[in-house]
Amino acid sequence: MKRYLMSCVTIIFIAALMLTVSCATKQGTRSQGGSATSGEAEEAGIGEGELTESEISASAFKEVTEREAELAPIFKNIKFGYDSFALKSEAKATLDKVAEALLRKTAIQVMIEGHCDDRGTNEYNLALGQRRANSAKKYLVQLGVSSNRVFTISYGEEKPIDTDQNEEAWANNRRDHFMIR
Amino acid sequence: MKKKLILNLVITVLLIFPCSNAFSKVYIDIRSPSSTRFPIVIPEFKKSEGLTDKNNLAKKMAGVITRDLDFSGFFRILDPKAIDTALLKGVTTNKIKWDVLSIIGAEAIVTGRLSIKSQNRIAVELRLFDALQGKFITGKRYEGKSDDYRQIAHKFSNEIFDRLTGQKGGFSTKIAFEKSIDSNKDIFLTDYDGKNEKRLTLYNSLTLSPAWSPDGRNIAFTSYKEGNPDLYIKEIFTGNTRKISGKQGINITPSWSPDGEKIALTLSLNNGNSEIYILTVKNRELERLTRNWATDVSPSWSPDSKNIAFVSSRSGNPHIYTLDLKTKKIKRLTYKGTYNTAPVWSPDGQKIAYSGLNNGFNIFIVSTDGLLKNQLTHRQGNNEDPSWSPDSNYLAFSSDRTGQKEIYIMRADGTNQKKITSGRGNKSSPAWSPN
C-alpha cells in the first residue's frame, strides 16, 4: 500500500515536471533530453554510486547502556562552550576514564557523535560537531587508544537532547556522545 | 495506463494570435526603484457554454494570476468589482468598454475564457490588453488537466510579466526545502507560492541541504541514509539517485557550478577540520580550495564562475569570505556582527545574501565589494537560509516567527514577506529552482 502510494506520488510528480518541461520546450526555452519519458519508479534503472570510504556504519553502534551497562557511568557526555570545540578540564577528566576503559576492554570500538545547540546555522554546526567529535578522538589517541577503534560522526544541531530554549538546555546539547560496539 | 496518464498531462500551448513582437513596449521598468506599481485588473474569467465549472476554476485561476502579480511587487491589483460585468461582454477587444477601464485607473486588463472539456480537462483562452489604448498585447490558449489549473495560470503570469517588463517571469519556478517529520528530515518541493507540495526523498533518515543543478534536472543533497553524512545527486525526472561523495567525515553543503559540471562542497576528511573543495561530477576529481585551521563551510559559486563565497571562522567567529578561483586570493566580506553564515551569491552577480546574528538571526545582503549592506528582516524570530529567485528580485528563507520553522519568500528589498508553507514539521533550507 505504502509502496503503491509512493509510486503514485512519484508518477504525479514526474507528470507535473513533464508538463513544465513540455510547455517550456514548446516555447523553445529548454531542451528536452530522453530521460523524462524513460523513468517512472524511484531508483529505477542502474545508477552508479560511490561507496563510503569507511565501511563502519553509524547504525552498527549502540548506546553504552544497552551494550555494556556497567561502562555507562564512564562514557558520559562531554560538554563544550558556545561555538567551541576545545576540551574543557571536565571533558578531559571524562576522556581519561574513557581511554582507561578502552585500553582495558580492547574489543570495544567507539563512535563519538559531535552535537551542537540549535542557535547557530545548521550547516556551520555540522562542521562544528565534526570538530567536537574529532577533538575527543584526538585526545583518546594521545592517551594510547588505537585510532582505528575510534570513529566520529557529526549530527550538528539535528539531534538535541534538551529542547528547552535556555542556557542549561543549550549547554546540554553542545556535547560529544559515545556509542559503542 | 501510465503512458496515457502522461500524455493526458501534456498541455498544448498554442499562440492564438500571431505575436507582433517587432517593437514591444516596456510598460514597467523593474530596474527603476522609484517606479510606482502598475495598475491592472483581472476579472473573474468568463465561462464557455457546456459543462459546469464545479470547482470554480474560473475564479481560482484569476486568483492565481492576481496573487502572482501582486507578490511580484510591480503591480497594483484593482478590485474587479469596480467593473460592471455588463460592460465586459466578452474577452476580446470589441467586447470591452475601454472608457470604463480608464475611469477605474486600469492600465492593463487580463481576460480569460474557460471551457470545461471533460471531468478533468480544461481549455482556457487568456488575453492581456493595454487598457489605455484598448489594444491587444498578447494571448494564449492552454489545454490541460483541471488539476493543473494553477500551473496553467502561472504560465500566463509569466507571459504577462514578460510582455510588460521585458524580463522573464519566474512564476513557474519551484522551491526545494527540508521538512522534519518525527526525528527524520526529507526533501520536499513546492511551487514558488507554496502550493503543490511533493516529496522528493523518503529515507527515514536525515536528508539535508537541497541544491538545484543549473538545468533544474538534478538536486544534490546530504543524507545520513547509509549512516555517514554523504553527498548524493537525485535526477528529478527519473528518480535515479547516486552517491557522489562518501568521504570519511562530513560531505555537506553542495553548490553547483554555473555550468553544472562541478559541485563545491565541504569535507572534513579524517582530521575533522572542514575545508572547501570542488568536485568534478563526471570523474569525481577533487580540488582543495581552503587550507586553514579554522572551520570553512557553505560555499556558493558566483554566477560568472570566477569566485566562491564561503563561511570561515578564521577571524574567531564565522564570517563571510570570497575566494578568487584563479588567484586563490581570499577576501573578507563581513566585519560587523559575531555570526554571519549561509552566503548565497545572487544570480545577477551583484550581491551576496547571508544570515547574521543581530537580535536573533536575520537575512542580510551585502554588495560583492562589501561596501553596501542591508538588513532585510527585523525582530521577527530567527530568519535563516536565504536563497535567490533566478531573476535576483526575490529571496526565499526560513523563519521561526510563528513558533515553527516555515519557508517564506520576499522581495530582495525585504518587503512583501509571505509565508508559503504550513502543516506539521519544521521546514528549512529553501532552494529556489532555476527558471
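Just after helix H2 of chain B, B:Gly73 takes a positive phi of about 85°. This is a predicted model, and that glycine is a convenient place to enter it.

Step back into the helix itself. H2 of chain B covers residues 57-72, 16 residues in all. From first C-alpha to last, H2(B) reaches 22 Å, close to the 22 Å expected at 1.5 Å a residue. Much of its sequence is covered. The buried positions in H2(B) begin with B:Leu57 and B:Ala58. They continue through B:Met61, B:Ala62, B:Gly63, B:Val64 and B:Ile65. B:Asp68, B:Leu69, B:Phe71 and B:Ser72 complete the set. An α-helix has 3.6 residues a turn, so residues three or four places apart point the same way. Read the list with that in mind. B:Leu57, B:Met61, B:Ile65 and B:Leu69 are among the buried residues.

Now widen the view to the chain. Chain B is divided into domain 1, residues 2-165, and domain 2, residues 174-432. H2(B), at residues 57-72, falls within the bounds of domain 1. The centres of the two domains, taken over C-alpha atoms, lie 35 Å apart. The domains do touch. At their junction, 13 residues of domain 1 of chain B contact twelve residues of domain 2 of chain B.

Domain 2 of chain B starts at residue 174 and ends at residue 432. Which strands meet there? Strand S8, residues 174-181 of chain B, pairs with S31(B) in the antiparallel sense. Four bridges hold the pair. One of the matched positions is B:Glu178, whose bridge partner in S31(B) is B:Ser428. S31 spans residues 427-432 of chain B and is mostly covered, with six of its six residues buried.

Move inward along the sequence to a four-stranded sheet. S15, S16, S17 and S18 of chain B form an open sheet in that order, with antiparallel pairing. Strand S15 (251-256) and strand S18 (286-288) of chain B each have a single partner strand, so one side of each is left without a neighbour in the sheet. Neighbouring strands here are turned by 30° against each other on average, direction ignored. Look at one edge of it. Strand S17, residues 275-280 of chain B, is joined to S18(B) by three bridges, and the two run antiparallel. B:Ile278 stands opposite B:Glu287 in S18(B).

Next comes a run of strands centred on S20 of chain B. Is S20(B) buried or exposed? Six of the six residues of S20, 307-312, are buried, so the strand is largely enclosed by the rest of the structure. In a regular strand the side chains alternate between the two faces of the sheet. In S20(B), both faces are covered. B:Asn307, B:Ala309 and B:Val311 are buried on one side. B:Ile308, B:Phe310 and B:Ser312 are buried on the other.

S20(B) has a hairpin partner before it and another after it. On the N-terminal side, strand S19, residues 296-301 of chain B, runs antiparallel to S20(B) and is joined to it by four bridges. B:Trp301 has B:Ile308 as its bridge partner in S20(B). Five residues lie between S19(B) and S20(B) in this hairpin, and B:Ser305 in the turn has a positive phi of about 65°. On the C-terminal side, S20(B) pairs in the antiparallel sense with strand S21, residues 319-324 of chain B, over six bridges. B:Ser312 stands opposite B:His319 in S21(B). Here six residues lie between the strands, and B:Gly316 in the turn has a positive phi of about 115°.

Another sheet follows. S23, S24, S25 and S26 of chain B form an open antiparallel sheet in that order. Strand S23 (340-345) and strand S26 (373-375) of chain B stand at the edges, so each has one side without a neighbour in the sheet. The average turn between neighbouring strands is 25°, direction ignored. In the interior, strand S24 (residues 351-357) and strand S25 (residues 361-367) of chain B run antiparallel, joined by seven bridges. B:Ile352 has B:Val366 as its bridge partner in S25(B).

Finish with chain A. It holds six helices and five strands. From the N terminus on, its elements run α-α-β-α-β-α-β-α-β-α-β. Of its 181 residues, 49% count as buried. Among contacts in chain A with a separation of 6 or more, 76% join residues 24 or more positions apart. The accessible surface of chain A comes to about 8900 Å², and 54% of it belongs to carbon and sulfur atoms.

Definitions and conventions. Residues numbered from 1 in each chain as written. Chains lettered and ligands numbered in written order. Predicted model: local features only at pLDDT ≥ 70, side-chain atom pairs only at ≥ 80, totals over all residues. Heavy atoms only, no water. Pairing = 2+ DSSP bridges. Axes fitted to C-alpha atoms, helices over the stretch in contact; angles between N-to-C directions. Buried < 20%, exposed > 50% of the residue type's maximum accessible area, 1.4 Å probe, protein only. Contact = heavy atoms within 4.5 Å. Areas by Shrake-Rupley, 256 points an atom, 1.4 Å probe, with all protein chains shown as cover. Expected span 1.5 Å × (residues − 1). Domains from an automatic or database assignment.
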